[in-house]
Amino acid sequence: MFPFKTSIQFDRKSNQALYLQLSNQIIQLIKCQKLAPNTRLPGSRTLAEQLHVHRKTIVACYEELLLQGWIESIPKKGTYVHRNLPVLHQQKLNDDEVFGVINNADFSFYKSSILPKIPTEKREDFMYLNDGISDTRLTPIDEIARTYRTVSSKKKIYEHLSYGSTYGNETLRNVLVEYLNSTRGLNINKENVLITRGSQMGIWLSAKLLLQKEDVIVVGNNNYVSADFTFLNQQAKLERVSVDKNGLVTDDIEKLCKRHQIKAVYVTSHHHHPTTVTLSAKRRIHLLNLAQQYNFAIIEDDYDYDFNYNHAPILPLASHDTNGNVVYIGSVCKTVAPVFRVGYLIASKEFVDEAAKLRGYVDRQGDALLELTFANFIKSGDLDRHIRKVMKIYQQRRDLFCKLLNDEFDGVFQFEIPKGGMAVWIKLHPDYSWDTISEAARKHKLEIGDWRQYDAAKLGHNAIRIGFATYNEEEIYELIKRLKHAIKSTL
């Protein structure tokens, strides 16, 4: 007789009913062949006595197992593990591994050789450098929650709870038309707007529609690494051009156009990622003219348009585009908080229509309630008020961060104070190595991160991008202290 008394364990604090706990454990015993096919199970009274539960619990358990087909009841004989159950072939596991995690798949599948594995766990008391993200503690969560409740309480909200459009919520599309036309100088209507789940979806959709194997896309010799990965995933060929204090060197792009058929140019025209420089007016016009002359697309990733400390925002390339060459991508993720996956792709109606169809393969629709919430959040002026508030805070943090870099690391770093954005492009003196500093920093509970990502072109520039916006004043002092200790320990 199988030892049910010692093999079955109940968690009486669990919300799961006892009969379901018992059913699931018996199924596991059958699957791991501890209860073989045609094994006779104890009667309901006998098993109830052994497990110290009510007989109705056993009856309910057996009924559940009968319905699922794990056991069968034979009149005048009793209850048995179903005789026709095939043996489940599986690796032999130890008793404590039966209910464990399966680490390896028993089938082949395609793995990405491009995308890196992103760490999901952070160590306690460590500080982690980032490449420029907002401080989530400044998120206007009360205002967003209030707006969400207002949206959800409307009588007609049920119309938005079913399947919607792959273009995104119509109300948000209309609000973005008005907002982007007034703040970014665009001249668009609803048909030019596709709502995405952040900028990355816009980059991916653009890459899928524009690039196939060996198609050429032009990027900076240092560039936003996630965009590079996305283009490489399409098996596109990346042609890199120089980046100087005026942004992408468009003369280099023109030379490439005379040698290759260019499908697209990817540009972060406002605070180039990672160097933070702004594409000059002269080069903006030159790039637009080249796009028209050579019929290529410009993917303009305007990831932090809102944050400018020394001057008014410079209008995007898309505001000067009258030929339909620019695919303009942006989001509210950086502005408010990364968790709110609301972005947009702005392009010709023809391109947007195709992008909306393609989006349906991976994402049937967005979060209509969240999109409605942000439509109201923008329309009410709450977004602009939030931007004005955090702009002052981030400017103060930029000034402190850059001052400490100058004061505490004389001759170690070379950098320009960024005119906007949330990060500084910092070049390390050639006598030092980020590799050794990174290793030493861990001893001081500071994680530098993958500094190599900033030199995909193997230029050896010895520079990385460090964000300042996410740290308050006290944290900036602490970060500088740990970095200073790390550098000193490498001497």
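In this predicted model, the charged end of Lys122 is placed over the ring of Tyr128, 5.0 Å from its centre. A similar arrangement is found close by in the sequence, where Arg123 lies over the face of Phe126, at 4.1 Å from the ring centre.

Rings also meet one another, and the count comes to 12 aromatic pairs. One of these joins Phe413 and Trp434: the ring centres are 6.0 Å apart and the planes make 15 degrees, so the pair is stacked, the limit for stacking being under 30 degrees. This pair links distant parts of the chain, since Phe413 belongs to strand S14 (residues 413-415) and Trp434 to helix H14 (residues 434-443), 21 residues apart. Phe413 has a relative accessible area of 10% and is therefore buried; Trp434, with a value of 0%, is buried too. Elsewhere, one aromatic cluster is formed by Phe340, Phe374 and Phe377.

Strand S14, which carries Phe413, takes part in an open sheet of three strands, ordered S14-S15-S17 with antiparallel pairing. S14 and strand S17 (463-467) stand at the edges with a single partner strand each, so one side of each has no neighbour in the sheet. On average, neighbouring strands here are turned by 40 degrees against each other when direction is ignored. Three bridges connect S14 with strand S15 (residues 423-428) in the antiparallel sense, and Phe415 finds its bridge partner in Ile426 of S15.

Another open sheet of three antiparallel strands runs in the order S1-S3-S2. Its edges are strand S1 (40-41) and strand S2 (71-74), each of which pairs on one side only. S2 is joined to strand S3 (residues 78-81) by four bridges in the antiparallel sense, with Gly78 of S3 as the bridge partner of Ile74. Helix H4 (residues 55-68) packs on this sheet and touches S1, S2 and S3, its direction making about 110 degrees with that of S2.

Strand S13 (residues 343-346) offers a friendly example of a strand covered on both faces: Gly343 and Leu345 on one side, and Tyr344 and Ile346 on the other, are all buried. S13 pairs with strand S5 (residues 193-196) in the antiparallel sense over four bridges. Strand S12 (residues 326-331) likewise pairs with S13 in the antiparallel sense, over four bridges. Individual bridges can be followed on either pairing: Gly343 is the bridge partner of Thr196, while Ile346 is that of Tyr328.

Turning to the interior, the largest nonpolar core holds 48 residues, of which Ile253, Leu287, Phe296, Ile298 and Phe374 touch the most other members. Helix H6 (residues 170-184) supplies the largest share of this core, six residues. Phe374 thus has a place both in this group and in the aromatic cluster with Phe340 and Phe377. The surroundings of Ile253 can be listed in detail: leaving aside neighbours within four places in sequence, Ile253 is in contact with Val218, Val241, Leu248, Val265, Leu287 and Leu290. A second, separate core comprises 42 residues, among them Phe307, Tyr471, Ile476 and Leu483.

How values were computed
Residues are numbered from 1 along each chain as its sequence is written. This is a predicted model: local features need pLDDT of at least 70, side-chain atom pairs count only at pLDDT 80 or more; totals for chains, interfaces and linings use all residues. Side-chain values use heavy atoms; hydrogens and water are left out. Rings of Phe, Tyr and Trp (its six-membered ring) pair if their centres lie within 6.5 Å; planes under 30 degrees apart count as stacked, over 60 as edge-to-face and the rest as tilted. Helices (H or I, at least four residues) and strands (E, at least two) are DSSP runs, numbered from the N terminus. Buried means under 20% relative accessible area, exposed over 50%, partly exposed in between (1.4 Å probe, protein chains only). A charge sits over a ring if NZ of Lys or CZ of Arg is within 6 Å of the ring centre and within 35 degrees of the ring normal. Two strands pair if DSSP finds at least two bridges between them. Contact means heavy atoms within 4.5 Å. Axes are lines fitted to C-alpha atoms, for helices over the stretch in contact, and angles run from 0 to 180 degrees between N-to-C directions. A nonpolar core is a set of buried Ala, Val, Leu, Ile, Met, Phe, Trp, Tyr and Cys residues joined through side-chain atoms within 4.5 Å.
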